[in-house]
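Thanks for making time this morning. I will go through one model, starting from a single residue and working outwards.

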Amino acid sequence: MSEQFSLDLLQAISDWQQGGNFELKKKYGIQLKSTATSLDPEFRQCDVVCYRRISLGKSPLWKLIAEQELPETISSWTNDVSIAKAFKGGVPEEGWQGIIAQHKPTPDEVIVNLDYLYADRDFQSAVEKHKHNIENFDLGIGLYGNHEREIVIEKTSLAPSEIYALGGYSSSPNVIGHKIFGREPTPKEITFMEKRLAQRDEKFGAWWLTGDPLQRVLKKVESHIPALKKKKTKRYSENVRANPRNWITPS
């Protein structure tokens with residue numbers, strides 16, 4: 001059994017997979033980064049594109065595109081886009097902006113490739129040997145295993161070209177039916193609309209926008225960024241003039 005799969009490493013992985021609030025994830029990420037340096041290089045690389053589902057709350061989409069800063073620098077990605085689309089229930093609830101990012105990481109960005117690690121027999125043997133000594137094992141490694149085909153990546157920014165999909169919601173069948181038929185649609189007509197949407201790989205309710213429709217949305221958002229930045233700069237200047245003492249840095 002390889003000595004690189006120590007109890008400390010297994011605990012760090014289990015803590016990371018257990019997760020928690022923003023501060024805990026940050027703490028576990030730093031802990032995992034420090035511990036994973038003992039791993040062989042093969043477990044700290046990824047040669048395929050990875051995907052990450054992001055849910056934006058108060059931070060608008062234009063701000064992410066304009067400033068290109070990610071809310072978390074050490075975060076979970078997956079090499080399976082279907083897992084990213086379904087993660088935490090798929091498209092976030094209305095009022096939140098869902099994004100799926102795509103990125104092919106460099107070796108310097110990969111903290112640990114858990115998909116590779118879980119496929120290793122020596123790692124599995126180490127988990128079996130130490131599982132009774134791993135704190136909260138049933139909430140971390142014991143619960144998640146390799147279900148999410150996870151790659152832990154440290155990445156600070158996101159370019160517009162790395163946005164793979166945007167989450168959104170269509171109108172209800174009744175609303176769309178009124179527009180098409182001029183009245184509330186019958187169950188048969190709703191089925192007809194569902195079949196037509198399925199032919200375009202779409203559906204009522206939550207969906208992920210990709211391809212050309214996504215690019216049109218992104219271009220529209222990008223066209224508003226200069227004006228929004230100018231407005232933000234103006235508001236900042238007005239606040240400085242109105243409250244100059246609040247912006248003085250002590251020497």
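S76 is partly exposed, with a relative accessible area of 27%. This is a predicted model, so everything I say about S76 and the rest is computed from predicted coordinates. S76 sits in strand β2. What does S76 touch, once neighbours within four places in sequence are left aside? The contacts are W16, K25, R52, E150 and I151. In addition, the C-alpha atoms of S76 and R149 are 9.7 Å apart in space, with the two positions 73 residues apart in sequence.

One of those contacts, R52, leads to the salt bridges. How many salt bridges does a search of the whole structure find? The search finds five, and I will go through some of them.

R52 pairs with E72, and the N to O distance in that salt bridge is 3.3 Å. R52 belongs to strand β1, residues 50-56, while E72 is in the loop between α3 (61-67) and β2 (74-78), so the pair ties together parts 20 residues apart in sequence. Are the two partners buried or exposed? R52 counts as buried, at 6% relative accessibility. E72, at 23%, counts as partly exposed.

Next, E154 and K33. Their closest N and O atoms are 2.9 Å apart, and the two form a salt bridge. Which parts of the chain does this pair tie together? E154 is in strand β5, residues 150-154, and K33 is in helix α2, residues 22-35, so the parts being tied are 121 residues apart in sequence. Both ends are partly exposed: E154 has a relative accessible area of 26%, and K33 has one of 37%.

Then there is E162 with K155, a salt bridge with an N to O distance of 3.2 Å. Here E162 is buried, at a relative accessible area of 14%. K155 also counts as buried, at 7%.

K155 and E162 both turn up again around H103. H103 lies in strand β3 and is buried, with a relative accessible area of 10%. Which residues is H103 in contact with, leaving aside neighbours within four places in sequence? They are V48, V49, C50, W77, E109, K155 and E162. So the buried salt-bridge partners K155 and E162 are both in contact with H103, whose relative accessible area of 10%, under the 20% cut-off, makes H103 buried as well. The C-alpha atoms of H103 and N79 are separated by 9.8 Å, and these residues are 24 apart along the chain.

Now a pair of helices. Two packed helices are described by the angle between their axes and the distance between the axes. Helix α1, residues 7-18, packs with helix α6, residues 121-130, at an angle of about 90° and with the axes 10 Å apart. That makes α1 roughly perpendicular to α6. Which residues meet there? From α1 they are L7, L10 and I13, and from α6 they are F123, A126, V127 and H130. By class, this contact has six nonpolar residues, one polar and no charged ones.

Two backbone points before the totals. Most residues other than glycine have a negative phi. K88 has a positive phi of about 50°, although K88 is not a glycine. Where is K88? It is in the loop between α4 (81-86) and β3 (97-103). K88 is exposed, with a relative accessible area of 68%.

N136 is the other case I want to mention. N136 has a positive phi of about 55° and is not a glycine either. N136 is found in the loop between α6 and α7 (141-144). N136 is partly exposed, at a relative accessible area of 38%.

Finally, the totals. The protein has ten helices and seven strands. Of its 251 residues, 37% are buried. The exposed area is about 15400 Å², and carbon and sulfur atoms supply 50% of it. What share of the contacts between residues at least 6 apart in sequence join residues at least 24 apart? The figure is 83%. The salt bridge of E154 with K33 is a case of a pair far along the chain from one another, as its parts are 121 residues apart in sequence.

That is what I have, and I am happy to go back to any of these residues on the screen.

Definitions and conventions. Residues are numbered from 1 along each chain as its sequence is written. This is a predicted model: local features need pLDDT of at least 70, side-chain atom pairs count only at pLDDT 80 or more; totals for chains, interfaces and linings use all residues. Side-chain values use heavy atoms; hydrogens and water are left out. Axes are lines fitted to C-alpha atoms, for helices over the stretch in contact, and angles run from 0 to 180 degrees between N-to-C directions. Helices (H or I, at least four residues) and strands (E, at least two) are DSSP runs, numbered from the N terminus. Angles under 35 degrees count as roughly parallel, over 145 as roughly antiparallel, 65 to 115 as roughly perpendicular and the rest as oblique. Contact means heavy atoms within 4.5 Å. Ala, Val, Leu, Ile, Met, Phe, Trp, Tyr, Cys and Pro count as nonpolar, Asp, Glu, Lys and Arg as charged, and the others, Gly among them, as polar. Buried means under 20% relative accessible area, exposed over 50%, partly exposed in between (1.4 Å probe, protein chains only). Accessible areas come from the Shrake-Rupley method with a 1.4 Å probe; for residues, only the protein chains shown count as cover. A salt bridge is a side-chain nitrogen of Lys or Arg within 4 Å of a carboxyl oxygen of Asp or Glu.
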